[in-house]
Amino acid sequence: MDLGLAGRRAFVSGATQGIGQGVVDALAAEGADLFLTARDPDRLKRTAQHVEKKYGVRCGWHSADFGRPGQAGEAVRSAISTLGGIDILVNNAGRSLPAELDTPTEEWQASSQLNFLSHLEAIDAVLPGMRERGWGRIVNVTGAAYRAPQQLNMGTIAKYGILNTSKLVARQEARAGITINTVTVGTIESHQINEIHYPAEQQRRAEAEESIPMGRFGVPAEVAAAVAFLASERATYITGSTITVDGGADPTLL
């Protein structure tokens, strides 16, 4: 299926590993030009070179820490300058951060900046150009744990804001030809999952058997496929929606 993405210009945050890198590969394979952001400039440069060589598309990059105010907007402006505009925004930067009620306020604020406010900065920066062109795709990638939280988590709470904001802004921008959707993900193989949360293979197998109906963790390409579809010409009548990619782990009925 041709997704109609050839020549489109996509901005992806958290782009050098895990889900972000999967999204970059999926969009580049469809012929989209890319602009990547993450914190590590060396990894960004290597990733951009790999994308240009493998897929034959343009790929710019800008090192940014979305946990710091203003850097998301700065990265988007750099992307617009490099590519001439942004047609697709994929907000993927974020982190799961377990907490307690007495966790210092500064840590809650930092989580809000990374997992919520930076996304708003990026959305605000791309909307004027999308409105002018009458076409735009915004896809926010976040965790699915908000549906049935098992522990207090600063990241999960901050991402509630993204879900609500996405729905509200989607309604406001629908007649401008701009769609805004959210992809919520379950347990996906990544550095954070494999090295931090479940460092032992036995732990991963036990968690998958106990919590995931499919009996395995997902892989980034499975999330990237959903993102690429929502970013495409094929998803013109989908906006304000949430797609969950979690192997059936969501226990809720609605």
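Here are some notes on this predicted model, going from the whole chain to its sheet, its helix pairs and one alanine.

1. **The chain overall.** A good place to start is the inventory: eight helices and seven strands. The chain has 254 residues, and 47% of them are buried. If you look at contacts with a separation of 6 or more, 76% of them join residues that are 24 or more positions apart.

2. **The sheet.** The seven strands make one open sheet, and reading across it gives the order β3-β2-β1-β4-β5-β6-β7, with parallel pairing. At the edges sit β3 (59–63) and β7 (242–245), each of which pairs on one side only. On average, neighbouring strands here are turned by 15° against each other, direction ignored.

3. **From β4 to β7.** This part is worth following strand by strand. β4 and β5 pair in the parallel sense over four bridges, while β5 and β6 do so over eight bridges. Moving on, strand β6 (residues 178–185) pairs with β7, again in the parallel sense, over four bridges. Do have a look at N140: this residue is the bridge partner of N91 in the pairing of β4 with β5, and T182 in β6 is also a bridge partner of N140. Further along β6, V183 stands opposite I243 in β7.

4. **How enclosed is β5?** Buried means under 20% relative accessible area. Seven of the eight residues of β5 meet that description, so the strand is largely enclosed by the rest of the structure.

5. **Helix α8 over the sheet.** Helix α8 (residues 220–230) lies across four strands, namely β4 (88–91), β5 (136–143), β6 and β7. Relative to β6, the helix runs at about 170°.

6. **α1 against α8.** The axes of these two helices come within 8 Å and cross at roughly 55°. They are therefore oblique to each other, and their crossing is right-handed. On the α1 side the contact uses G18, I19, G22, V23, A26 and L27, and on the α8 side P220, V223, A224, V227 and A228. By class, that makes nine nonpolar, two polar and no charged residues.

7. **α1 against α2.** Helix α1 (residues 18–29) also packs on helix α2 (residues 41–55), at an angle of about 30° and with the axes 10 Å apart. Angles under 35 degrees count as roughly parallel, and α1 and α2 are therefore described that way. This crossing is right-handed too. V24, D25, A28 and A29 in α1 meet H50, V51 and Y55 in α2. The residues of this contact divide into five nonpolar, one polar and one charged.

8. **A closer look at A122.** Which helix holds A122? The residue lies in helix α4 (residues 105–133). A122 is buried, with a relative accessible area of 0%. Leaving aside neighbours within four places in sequence, A122 is in contact with A72, V76, L89 and N91. One of these, V76, is 46 residues away along the chain, yet its C-alpha atom is separated from that of A122 by 6.3 Å. N91 brings us back to the sheet, since N140 in β5 is its bridge partner.

Terms used. Residues are numbered from 1 along each chain as its sequence is written. This is a predicted model: local features need pLDDT of at least 70, side-chain atom pairs count only at pLDDT 80 or more; totals for chains, interfaces and linings use all residues. Side-chain values use heavy atoms; hydrogens and water are left out. Axes are lines fitted to C-alpha atoms, for helices over the stretch in contact, and angles run from 0 to 180 degrees between N-to-C directions. Angles under 35 degrees count as roughly parallel, over 145 as roughly antiparallel, 65 to 115 as roughly perpendicular and the rest as oblique. A crossing is left-handed if the near helix is turned anticlockwise from the far one by less than a right angle, and right-handed if clockwise. Contact means heavy atoms within 4.5 Å. Ala, Val, Leu, Ile, Met, Phe, Trp, Tyr, Cys and Pro count as nonpolar, Asp, Glu, Lys and Arg as charged, and the others, Gly among them, as polar. Buried means under 20% relative accessible area, exposed over 50%, partly exposed in between (1.4 Å probe, protein chains only). Two strands pair if DSSP finds at least two bridges between them.
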